[in-house]
Amino acid sequence: MALILGVETLQRDAAGLFSFVDSVCKPCYEEARSAQYLEPSKDFFSYVRELGDCTKAYLNRFAADAPSDKRLYYYYRQKLETIRSVWVELHRFVKSAVDADTLSIPYTLVEALTKRLNLLPGFRKTRFAILQFDELNYLQVRVSELKQTADRLKSVIPDVNPFPEDLGLIGIPYSQPASIYLNCLISHEIGHFVFQRSELKKKLLPEIEKNLAKILGAKLKTLPADDLDWSKDRLESWAEEIFCDLFAIWLIGPCYALTYIELFGLTTILDPSETSGFKVTAGSKTFIRSHPADLFRLKQHVRLLQRLEWWGEIERINSHFVDVLRNAIAVSENKLEFPTREKDSGYAHETLRAFLGLAPFVASLIADLTKDSEGKEIDCGLAEYKKLGGLIEKYLRRAVVPSSVFDGKHHWYPNAVAILNASMKFYLESLEKLMNDIEGQNTSLAGHRSRWIQRLESLTGKAIEDHQLLIDETGAVKVGSTFKRADLRSLKSADHE
Amino acid sequence: MSSEPEIRSRYLALALDARKVIDSLILFVDRGTREQGLDESLQEVIESLQVKDNHHIFSLLRNRLAFSEYYEQVQTVQEALKPEEMKTIVQKLSAVKSKEADLDKQKNDAFEAIKLLSAIESRALYYYRPQP
């Protein structure tokens, strides 16, 4: 006999989902964990627990609250599938957050980047929980959408708390917790948080329309809506990626661009057999539907580095990585391509041209955003790098942690931007000098080099970790934006008195 | 349709935005109760589902809800509903919002809208679901 669909079947289906929600939440309960987590991760677990409690309470009364009109059964029942999908999404993130305990994440770097972000008005209380994923590509571990999903869930399950406003989520590949250089790409992910939190899409939409109108002319009014929706989406997506790149450059300096070159193997464009010294490879000049071409991105990096006056420092670095940046600037935008099967090639090219017109506006968003409450541009870290970068390199040359560097008069405490960029410069042009001082090390062996790169990253990470402790010590003096050690003699004599 | 996690979450957003309105309409059809904010919510959906002119594509109103925030969402809605159903859903939602007809007629319109919104939700969930 066929079961009559009604309260009983709803109870059964709701119970099945209840068990699933319960199992996803389980790792978030304190007693189920033995590892240590930072406060933002604990906040995330707490949010998931509360969300789980609200969802389960809702499922408990789901059948009882069912509509009495039988025609509505099917449409009411489908809600369970939508709720299940949200928890399928959360399942992926909960596991990733549980895996990211303090021993497995680059928390000192994230804390340093967060402190810099906290300088911006509107982001003073922002903090980030780290999640660890299987994917290697940092661009595949975007987690910022989870907040939007969670906020939407609030509209279908009453009593659910909103996702904590100042809590961001950052995903990193599980294999890279110790890789200071590669983890510079985290600053791009912070850019996505800033983009969404600042609601920059609102500013972008009219500019997207304006730039499409410039290229399409009168056609803009008569084109099928589907085409325009597609173009709007491409421009939005590319603009957000460029914004995040540029924000990362502002946040952390040129080491972001140099890391980008490393991760994506972009030194492959260099070709000594070419008169220009480089070859525009298919991969480097091609836009894909979600991301701009690598060479276009690097060109935007260089433009911002020039505006922030970092470029003069980078040009002095003796490395083929810098040649890639020089060549990126030289690439004509006519060479850029956007092959796609979604629209005809002529229209896709017009969409690409509209984006090229939009890019300067995206760059201007960075300038607007990185001002303090009085409208003054916030320091990008260049001054401290100029002052202490050389000293930091000298310490690294002797394999000494550069958390406190001595200039003959004072002991200075360099900040993360100065440390990272000086370390990156050292990595690119001077690693051999360090290795040559060590017996039995062969610079021509990749294995030996790799060992010393790891050592260099370890020295760099330790210096970043020490910075916060040092600037908080009694009597540390702030000179401009830099901190120096207290005058210990005067502190001692004060103690005696 | 793409299976990238970032894109998949857009389908989930569409399902959730559809569900929000379905819930309100179910309550209205079943008990005759109009939830607070129902009219504004219906108006937002109407704005998201129709293109008055091409300028409208870039308006904030049309880009607020997941029916038309991203291209994948627009495509999913168009796959779930035939062109005449797109017109029907806008008509039915507008009729519920206007409150001009008698209550039974309003409830019938709401029920027709639920069916179409449910088709959108179902299609979005299908694209969201990880495939084995």
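In this predicted model, the contact between the two chains draws 37 residues from chain A and 32 residues from chain B. On the side of chain B that touches chain A, the elements giving two or more residues are α1 (5-31), α3 (71-80) and α5 (103-128) of chain B. Of these, α1(B) supplies the largest share, 14 residues. By residue class, the side of chain B that touches chain A divides into 19 nonpolar, five polar and eight charged residues.

Turning to the interior, the largest nonpolar core holds 180 residues, and A:Ile130 and B:Ile114 are the ones that touch the most other members. The element that gives the most to this core is helix α9 (residues 225-252) of chain A, with 15 residues. For A:Ile130, the surroundings can be spelled out: leaving aside residues up to four places away in sequence, A:Ile130 touches A:Ser41, A:Ala100, A:Ile105, A:Tyr107, A:Val110, A:Ile170 and A:Ile172. As a general backdrop, nonpolar side chains tend to be buried together in soluble globular proteins.

Helix α1 of chain A offers a neat case of two-sidedness. This helix runs over residues 7-25, 19 residues in total, and spans 26 Å from its first C-alpha to its last, close to the 27 Å expected at 1.5 Å a residue. Its buried residues are A:Leu10, A:Ala14, A:Val21, A:Val24 and A:Cys25. Because these residues cover an arc of only 85 degrees around the axis, they lie on the same side of α1(A). The general geometry is familiar: an α-helix has 3.6 residues a turn, so residues three or four places apart point the same way. Cover for the buried residues of α1(A) comes from elements including α2 (39-60) and α3 (73-99) of chain A. The face turned away from the buried side, by contrast, carries the exposed residues A:Glu8, A:Arg12, A:Gly16, A:Ser19 and A:Ser23.

Chain A also contains an open sheet of four strands, arranged in the order β3-β4-β6-β5 with antiparallel pairing. At its edges sit β3 (405-406) and β5 (477-479) of chain A, each of which pairs on one side only. In general, the strands of a sheet pair through backbone hydrogen bonds, either parallel or antiparallel. Here, β5(A) pairs with strand β6 (residues 482-484) of chain A in the antiparallel sense, over three bridges. One bridge can be followed to individual residues: A:Val477 has A:Lys484 as its partner in β6(A).

Definitions and conventions
Residues are numbered from 1 along each chain as its sequence is written. Chains are lettered from A and ligands numbered from 1 in the order in which they are written. This is a predicted model: local features need pLDDT of at least 70, side-chain atom pairs count only at pLDDT 80 or more; totals for chains, interfaces and linings use all residues. Two strands pair if DSSP finds at least two bridges between them. Two residues are in contact if their C-beta atoms, placed from the backbone, lie within 7 Å. Ala, Val, Leu, Ile, Met, Phe, Trp, Tyr, Cys and Pro count as nonpolar, Asp, Glu, Lys and Arg as charged, and the others, Gly among them, as polar. The expected span of a helix is 1.5 Å times one less than its number of residues. A residue is buried if 20 or more other C-beta atoms lie within 10 Å of its own, exposed if 12 or fewer, and partly exposed in between; C-beta atoms are placed from the backbone. The arc is that of the directions from the helix axis to the C-beta atoms. A nonpolar core is a set of buried Ala, Val, Leu, Ile, Met, Phe, Trp, Tyr and Cys residues joined through C-beta atoms within 7 Å.
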